[in-house]
Amino acid sequence: MAVFATDQPLVECGRYIAVAADCGACHRQAINHGVPFAGGYAIESPMGRIIASNITPSKQYGIGNYSEQQFANAVREGIAADGRNLYPAMPYTSYRDMTTADVQALYAYFMQGVEPADFPPSTRTDLSFPFNVRQIMWGWNLLFLSGTSADKAEALPGSLERGKYLVEVLAHCSACHTPRNIMMAEQNSLNLSGSSLGGWYAPNITPDKSGIGDWSQRDLVTYLKTGHLAGKAQAAGAMAEAVENSFSLMTDDDLNAMAAWVKQVPAIPTAIPDRSIQPPADVSDINTIITGQGALADRSTTDGAKLYENACASCHGHKGQGTDDSFYPSLTRNRAVSALGAQNLVMAIVEGIQRKTSNTDISMPAFAEQLNNAQIASISNYVHSRFAGIDDKMTAQDVQILRDGGVPPFIVRYINWLMALGTLMIVGLLGGIWYWRKVKRSGGQQIR
Ligand code: HEC
Ligand code: HEC
Ligand code: HEC
């Protein structure tokens with residue numbers, strides 16, 4: 001792209017690493033996905049919105065003045081060139097083990113292969129106290145940033161070691177799929193066993209039967225490459241973006257190595273749903289069928305069966321069977337439907353699905369505007385019970401919580417209490433010191 005490239009093979013190598021590490025997922029420009037890496041995109045963290053930086057080689061607004069060492073420090077240690085501690089919304093905890101050769105190639109790519117965007121990100125990070133004190137990340141790093149960024153040798157293409165490196169470091173699967181502790185750090189002992197991500201849920205992808213134990217290596221490669229595994233799963237939400245911008249553009253060798261690695265991580269069991277209820281009677285005789293999406297004639301109904309017929313059946317079939325070619329997927333054999341909890345089912349209805357790969361253009365409409373929370377809850381309960389036999393009691397309020405990005409984590413919910421407790425302890429401590437000095441000064445006599 002850029003005409004001033006001097007180090008072409010290294011730059012091309014860096015371009016691939018930037019794809020595998022999906023730097024563009026967050027560092028895209030906010031408006032219309034405009035200029036690559038111009039920043040401004042807001043990552044909705046539970047603490048507030050964190051704005052990704054401009055990482056084009058613009059000297060004024062980007063990282064044009066970064067030395068290679070400063071770049072390495074930002075990517076692997078979370079320290080910006082001006083000494084700022086970066087928030088872990090920038091996944092330096094995963095990139096920690098990036099090889100020096102890869103960092104060098106990435107640096108060459110960002111300096112020589114990316115057009116400078118000479119404008120600042122449209123908004124700025126604005127977190128409330130105490131999360132706006134970047135220095136607290138110093139303590140957090142001390143607790144949770146393990147080891148030193150070691151300089152490991154490059155793993156052989158196609159090897160299991162290469163798979164580990166891709167999964168754990170570049171592709172940072174754990175950033176989404178690993179549960180976090182109360183301080184928002186990944187829990188390594190529960191690696192890849194599933195975690196909430198805004199309203200979505202990134203499921204258990206360990207080889208347990210509650211995870212993807214019944215997927216072959218080939219299944220996993222197909223899913224990563226296309227976002228679609230017939231009769232099993234489709235990628236929506238952040239996974240659709242990762243497939244579109246990263247995994248679908250990686251080499252088959254790398255995808256195979258990643259799948260091989262994921263297939264052998266420790267299997268971690270998680271809860272599975274109780275499929276106890278009898279699917280309701282066949283509804284194919286419903287006389288209010290109005291096919292065609294968007295034809296939500298009766299906006300006030302909260303009858304799940306009717307709403308399903310109106311809003312979903314045109315694509316997914318009256319019996320949830322989907323189309324034969326599974327372009328419109330079956331809902332009876334669908335992990336978003338058969339999973340414990342209706343998070344991804346609800347989010348798919350709310351946000352729809354958009355995903356492009358080289359040979360497909362997938363789209364399911366978003367119903368956020370057309371359907372209210374109570375209606376979405378009743379469709380979800382209906383789909384869950386009829387197509388998966390799961391008795392679910394999703395309420396309108398639950399849907400609203402998911403729309404708002406899910407239940408905030410402990411640290412965010414209780415930060416005021418924690419700060420109050422901290423203040424009390426400090427006041428108590430100061431009081432104690434004052435008392436002790438007073439007692440000392442009065443020679444141990446009683447204070448009046
Ligand atoms: C999941 C989102 C995400 C991904 C993926 C990501 N970044 Fe970041 N990055 C951020 C955010 C957010 C910030 C700003 C953090 C802050 O303000 O504390 C940031 C900051 C940076 C900075 C510091 C720039 C500055 O001076 O402010 C650099 C350099 C950087 N990222 C490079 C990269 C590279 C290279 C990649 C790919 C290898 C990458 N990032 C992938 C979210 C991401
Ligand atoms: C940016 C966040 C993010 C990253 C990074 C990510 N995933 Fe996902 N993943 C998700 C979400 C969210 C879903 C649920 C999507 C859905 O149901 O439509 C998902 C779904 C999946 C599924 C389907 C599981 C099921 O039960 O349906 C597999 C398999 C998977 N991811 C594997 C991976 C692998 C392997 C990596 C790393 C190479 C990875 N993911 C990286 C967010 C992510
Ligand atoms: C215009 C056609 C269309 C309509 C209408 C439609 N869908 Fe979909 N749906 C799709 C497509 C396409 C996919 C994704 C296929 C893929 O990813 O390959 C999908 C995927 C899904 C998934 C899987 C999501 C995931 O995360 O894996 C669920 C669940 C779903 N739809 C439920 C519904 C429900 C419920 C309705 C009605 C409210 C509905 N759909 C309406 C086309 C449609």
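## A tour starting at ligand 3

Select ligand 3 and the residues that form its shell: they comprise 19 nonpolar, six polar and one charged. The model on display is a predicted one.

**Stop 1: the surroundings of ligand 3**

Keep ligand 3 selected and show the 26 residues that surround it, of which H228, C312, C315, H316 and M364 are the closest. Display the side chain of H228, which places a polar atom 2.4 Å from an oxygen atom of ligand 3. Add Q234 next; an N or O atom in its side chain is 3.1 Å from an oxygen atom of ligand 3. Then add H316, where an N or O atom of the side chain is 2.8 Å from a nitrogen atom of the ligand.

To place this shell in the fold, colour the secondary-structure elements that each supply at least two of its residues: the helices α13 (313–316), α14 (335–338) and α15 (343–351), together with the strands β7 (353–357) and β8 (360–364).

Why does ligand 3 lie between domain 2 and domain 3? Both domain 2 (158–271) and domain 3 (304–403) give residues to the shell around ligand 3, so the ligand lies between them.

**Stop 2: the division of the chain**

Zoom out and colour the chain by domain. Domain 1 covers 1–154, domain 2 covers 158–271, domain 3 covers 304–403 and domain 4 covers 414–441. For the next stop, hide domain 1 and domain 4, and retain domain 2 and domain 3.

**Stop 3: the interface of domain 2 and domain 3**

Over C-alpha atoms, the centres of domain 2 and domain 3 are separated by 22 Å. Select the contacting residues on both sides: 27 belong to domain 2 and 17 to domain 3. Between them the two domains bury about 1700 Å², with 49% of this area on carbon and sulfur atoms. Within domain 2, pick out G199, W200 and Q234; these residues lose the most area to domain 3, and together they account for 31% of what that side buries.

Now inspect the polar pairing across this interface. The rule finds 13 residue pairs in polar contact between domain 2 and domain 3, both residues of each pair being at pLDDT 80 or more. On the side of domain 2 that touches domain 3, the elements giving two or more residues are β4 (200–202), α9 (217–226), β6 (233–234) and α10 (237–245). Of these, select α10, which gives the most to that side, with three residues. Colouring the side of domain 2 by residue class shows eleven nonpolar, twelve polar and four charged residues. The count of salt bridges between domain 2 and domain 3 is zero.

**Stop 4: ligand 2**

Select ligand 2 and the 26 residues around it; C173, C176, H177, M239 and R335 come nearest. Begin with H177, which has a polar side-chain atom 2.8 Å from a nitrogen atom of ligand 2. Q234, already shown at ligand 3 through its side chain, reappears here with a backbone N or O atom that lies 3.0 Å from an oxygen atom of ligand 2. Finish with R335, where an N or O atom of the side chain is 2.5 Å from an oxygen atom of ligand 2. The elements to highlight around ligand 2 are α8 (173–177), β4, α9, β6, α10 and α11 (252–263), which give two or more residues to its shell. By class, this shell has 21 nonpolar, four polar and one charged residues.

**Stop 5: ligand 1**

Move to ligand 1. Among the 26 residues around it, C23, C26, H27, Y66 and M90 come nearest. Which side-chain and backbone atoms approach its oxygen atoms? S53 has a side-chain N or O atom 2.8 Å from an oxygen atom of ligand 1, R84 has a polar side-chain atom 3.0 Å from an oxygen atom of the ligand, and Y87 has a polar backbone atom 2.8 Å from an oxygen atom of the ligand. Two or more residues of the shell come from each of α2 (23–27), β2 (48–51), α3 (68–77) and α5 (100–112). The shell comprises 20 nonpolar, three polar and three charged residues.

**Stop 6: a salt bridge in helix α1**

Side chains of opposite charge can pair when their charged atoms come close. The count in the model comes to eleven salt bridges. For one of them, select R15 and E12, whose closest N and O atoms are 3.1 Å apart. Because R15 and E12 are three residues apart in helix α1 (residues 8–20), about one helical turn separates them.

Methods
Residues are numbered from 1 along each chain as its sequence is written. Chains are lettered from A and ligands numbered from 1 in the order in which they are written. This is a predicted model: local features need pLDDT of at least 70, side-chain atom pairs count only at pLDDT 80 or more; totals for chains, interfaces and linings use all residues. Side-chain values use heavy atoms; hydrogens and water are left out. Domain bounds come from an automatic or database domain assignment. Contact means heavy atoms within 4.5 Å. Buried area is the accessible area (1.4 Å probe) that two parts lose on being put together, summed over both. A salt bridge is a side-chain nitrogen of Lys or Arg within 4 Å of a carboxyl oxygen of Asp or Glu. A polar contact is a pair of N or O atoms within 3.5 Å; within protein, one must be able to donate a hydrogen and the other to accept it, and residues adjacent in sequence count only if both atoms are side-chain atoms. Helices (H or I, at least four residues) and strands (E, at least two) are DSSP runs, numbered from the N terminus. Ala, Val, Leu, Ile, Met, Phe, Trp, Tyr, Cys and Pro count as nonpolar, Asp, Glu, Lys and Arg as charged, and the others, Gly among them, as polar. A residue is near a molecule or strand if one of its heavy atoms lies within 4 Å of it.
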